[in-house]
Amino acid sequence: MATTSAVKKKLVRAWLERHAPNLSQGAILAAKEHLTYEEAIIKGMLEETDSQQKYIAAREGHIEVTLAYIKGKPGSLMKR
């Protein structure tokens, strides 16, 4: 059985494979940090080719991966 962190790595890898072709490296980093589209613009992380729709989809997808990971590890998070 895979550990929770191994599952998260697989989910993040799948997320990256899905969204990396559509966004710049800066947009991928901003989405991983869960920055809003406006925050990413202000921080200069987006390129002209990064569409708001694709960025938001990537950000929401990464939030879902993160939440799934958190739900799978409630005991260890409670200890922190």
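**Note on a predicted five-helix model**

1. Ala-30 is a suitable starting point: with a relative accessible area of 0%, this residue is buried. The model under discussion is predicted. Ala-30 belongs to helix H2, which covers residues 25-32. Setting aside residues up to four places away in sequence, Ala-30 touches Leu-35, Ala-40, Met-45 and Tyr-55. Ala-30 and Arg-59 are 29 residues apart in sequence, while their C-alpha atoms are 8.0 Å apart in space.

2. The overall architecture should be stated next. The chain contains five helices and zero strands, and from the N terminus on its elements run α-α-α-α-α. Of its 80 residues, 26% count as buried. Among contacts with a separation of 6 or more, 52% are accounted for by residues 24 or more positions apart.

3. Helix H2 deserves a point of its own. Its buried residues are Ala-27, Ile-28, Ala-30 and Ala-31. Viewed down the axis of H2, these buried residues fall within an arc of 165°, so they line one face of the helix. A student may connect this with a general rule: an α-helix has 3.6 residues a turn, so residues three or four places apart point the same way.

4. Which residues touch the most other members of the largest nonpolar core? They are Leu-23, Ala-30, Leu-46 and Tyr-55, in a core of 13 residues. The elements giving two or more residues to this core are H2, helix H3 (37-42) and helix H4 (52-72). H2 supplies the largest share, four residues. As general background, nonpolar side chains in soluble globular proteins tend to be buried together.

5. Tyr-55 may be read alongside Ala-30, since the two are in contact. Leaving aside neighbours within four places in sequence, Tyr-55 is in contact with Leu-23, Ala-27, Ala-30, Ala-31, Leu-35, Thr-36, Tyr-37, Ala-40 and Leu-46. Three of the partners named here, Ala-27, Ala-30 and Ala-31, are buried residues of H2.

6. Asp-50 lies in the loop between H3 and H4. What is the nearest side chain of opposite charge to Asp-50? It is Lys-54, 8.6 Å away, and Asp-50 has no salt bridge although it is buried. A salt bridge would require a nitrogen of Lys or Arg within 4 Å of a carboxyl oxygen, which means that the nearest candidate lies outside the cut-off. The side chain of Asp-50 does, however, make a polar contact with the side chain of Ser-24, at 2.7 Å. Beyond four places in sequence, Asp-50 is in contact with Asn-22, Leu-23, Ser-24, Ala-27, Tyr-37 and Met-45.

7. Is Ser-24, the partner of Asp-50, buried or exposed? Ser-24 has a relative accessible area of 14% and is therefore buried, the limit being under 20%. Its place is in the loop between helix H1 (4-19) and H2. When residues up to four places away in sequence are not counted, Ser-24 touches Met-45, Glu-47 and Asp-50. Met-45 is also in contact with Asp-50.

8. The final point concerns the backbone at His-34. This residue, found in the loop between H2 and H3, comes just after H2. His-34 has a positive phi of about 65° although it is not a glycine. At 24% relative accessibility, His-34 counts as partly exposed, because that category lies between under 20% and over 50%.

Notes:
Residues are numbered from 1 along each chain as its sequence is written. This is a predicted model: local features need pLDDT of at least 70, side-chain atom pairs count only at pLDDT 80 or more; totals for chains, interfaces and linings use all residues. Side-chain values use heavy atoms; hydrogens and water are left out. Buried means under 20% relative accessible area, exposed over 50%, partly exposed in between (1.4 Å probe, protein chains only). Contact means heavy atoms within 4.5 Å. A nonpolar core is a set of buried Ala, Val, Leu, Ile, Met, Phe, Trp, Tyr and Cys residues joined through side-chain atoms within 4.5 Å. Lys and Arg count as positive and Asp and Glu as negative; His and the chain ends are not counted. A polar contact is a pair of N or O atoms within 3.5 Å; within protein, one must be able to donate a hydrogen and the other to accept it, and residues adjacent in sequence count only if both atoms are side-chain atoms. The arc is that of the directions from the helix axis to the C-beta atoms.
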